[in-house]
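I opened this notebook to record what I looked up, one topic at a time. The entries follow the order in which I went through the chain.

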Amino acid sequence: MTKVTAILPAAGMGTRMGGETPKQFLELDGAPILLHTLRRLASCNAISEIILATRGDEVQRMQERCHQEKFHQPVRVIKGGSTRQESVATALEQVGDDVELVAVHDAVRPFVTREQVTRVIEEARKCGAAILGIPAMDTVKEVKRSSLPQDVALITGTIPRERIVLAQTPQVFLVKLLKEAFAKAAADGVNASDEAGLVERLGYDVHVVHGTERNIKITKPSDMSLARFYLELERSEAHPV
C-alpha cells in the first residue's frame, strides 16, 4: 500500500485572531483546534504517519498530548519555521524515502472529513497532484487600490465564476514533485500561500477535488462561532433525536 505522510504546519502566530494565543491553540469544546484537526487526519486509514511542525516552545507539550491521544499512526512533532512554507519545507526533510505521497493540511481546518481526505489522496495517487476546493458562489472582481482610501478599491475586471475555485486542504502531491517545487521556490526566492501554487510554477497540472463549505479555515474571531455551530451540527447528525 502507498505510504502517505500528512504534514500539519502549525507554527504561525495567527495575528488575524487579535489575541495573544495563536489560533491553532485556541480551545474548541475543551481541546485545541489543532488537536481536533489531528484527530480528523488520524481517523483516515490512508494516512501512514503525521508530522506536526509547531512552535518551538510547544513541541514538548504537543508530543505529550499526541501520546495521550494514542493515535494509530505515529505522530512526529518538530519545530516549524517562521512561515508556513518554511514549516512545510522543514517537515519535508523528515519524510522517508519509502513515502510516495505527502498531504499538507491546515492545522486550523478541523472539520475535514475522512472521506474527503481519502478522496483527494486517491486523486493525487492517479495524477500526482490534487487539492480540495469549492466553487466561488459570489461574483469575483479584479481590483486595484493605488491612490485610493484604504477601504476603497477600483474594479478593473470581472472574473467568470466558472473559472474560480476557492482552494482548501488537504493538498496532496507525489513527494518527489513537492520537493522539486520547494527547491525551485527556494532557489528563486518565491513564497506562495499554498503548496499548489509552488507546484503550478513548475508547469504541472493540479486537479481539484470538490470539497465542502464546512471545511472552514478558522482565522478570525467570527469563525469560532461558526466552528461551534458545526460541532453541534455534527453531534446532532451523529445522534439524531
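**Entry 1, the sheet.** In which sense do strand β1 and strand β4 pair, and over how many bridges? I was working with a predicted model, and in it β1 (residues 4-10) and β4 (residues 49-54) run parallel, joined over six bridges. To fix one position in this pairing I looked up I7, whose bridge partner in β4 is I51.

I then followed the sheet outward and noted seven strands in the order β5-β4-β1-β6-β10-β7-β11, forming an open sheet with mixed pairing. The edges are β5 (75-79) and β11 (207-210), each of which pairs on one side only. On average, and with direction ignored, neighbouring strands of this sheet are turned by 25 degrees against each other.

**Entry 2, helices on the sheet.** I looked next at helix α3 (residues 84-92), which packs on the sheet and touches β1, β4, β5, β6 (101-104) and β10 (165-174). The direction of α3 makes about 145 degrees with that of β1. Helix α5 (residues 175-188) also packs on the sheet, where it touches β6, β7 (129-135) and β10, and its direction makes about 115 degrees with that of β10.

I stayed with α5 for its details. The helix has 14 residues and reaches 20 Å from its first C-alpha to its last, close to the 20 Å expected at 1.5 Å a residue. Which residues of α5 are buried? I listed V175, L177, L178, A181, F182 and A185, and I noted that what covers them includes α3, β6, β7, β10 and α6 (195-201). Just after α5, I found G189 with a positive phi of about 70 degrees.

**Entry 3, cysteines.** How many disulfides does a search of the whole structure find? The search returned zero, and I checked two of the cysteines to see what keeps them unpaired. The closest cysteine sulfur to that of C44 belongs to C127 and lies 17 Å away, so the two are too far apart for a bond. For C66 the closest cysteine sulfur is that of C44, again at 17 Å and too far for a bond. I recorded both as buried, C44 with a relative accessible area of 0% and C66 at 7% relative accessibility.

**Entry 4, salt bridges.** I counted 18 salt bridges in the structure and wrote down several of them. Side chains of opposite charge can pair when their charged atoms come close.

D98 and K3 meet through their side chains at 3.1 Å, N to O. This pair links distant parts of the chain, with D98 in the loop between α3 and β6 and K3 in the segment before β1, 95 residues apart. K3 is partly exposed, at a relative accessible area of 31%.

E115 and R114 form another salt bridge, at 4.0 Å from N to O. Here E115 counts as exposed at 52% relative accessibility, whereas R114 counts as partly exposed at 41%.

In R235 and E232 the closest N and O atoms are 2.9 Å apart. These two residues are separated by about one helical turn, because they sit three residues apart in helix α7 (residues 221-238). R235 is partly exposed, with a relative accessible area of 36%, and E232 also counts as partly exposed, at 47% relative accessibility.

Last, I noted a network of salt bridges that links R84, D106, R109 and E195.

Terms used: Residues numbered from 1 in each chain as written. Predicted model: local features only at pLDDT ≥ 70, side-chain atom pairs only at ≥ 80, totals over all residues. Heavy atoms only, no water. Pairing = 2+ DSSP bridges. Helix = DSSP H or I, 4+ residues; strand = E, 2+ residues; numbered from the N terminus. Axes fitted to C-alpha atoms, helices over the stretch in contact; angles between N-to-C directions. Contact = heavy atoms within 4.5 Å. Expected span 1.5 Å × (residues − 1). Buried < 20%, exposed > 50% of the residue type's maximum accessible area, 1.4 Å probe, protein only. Disulfide = S-S within 2.5 Å.
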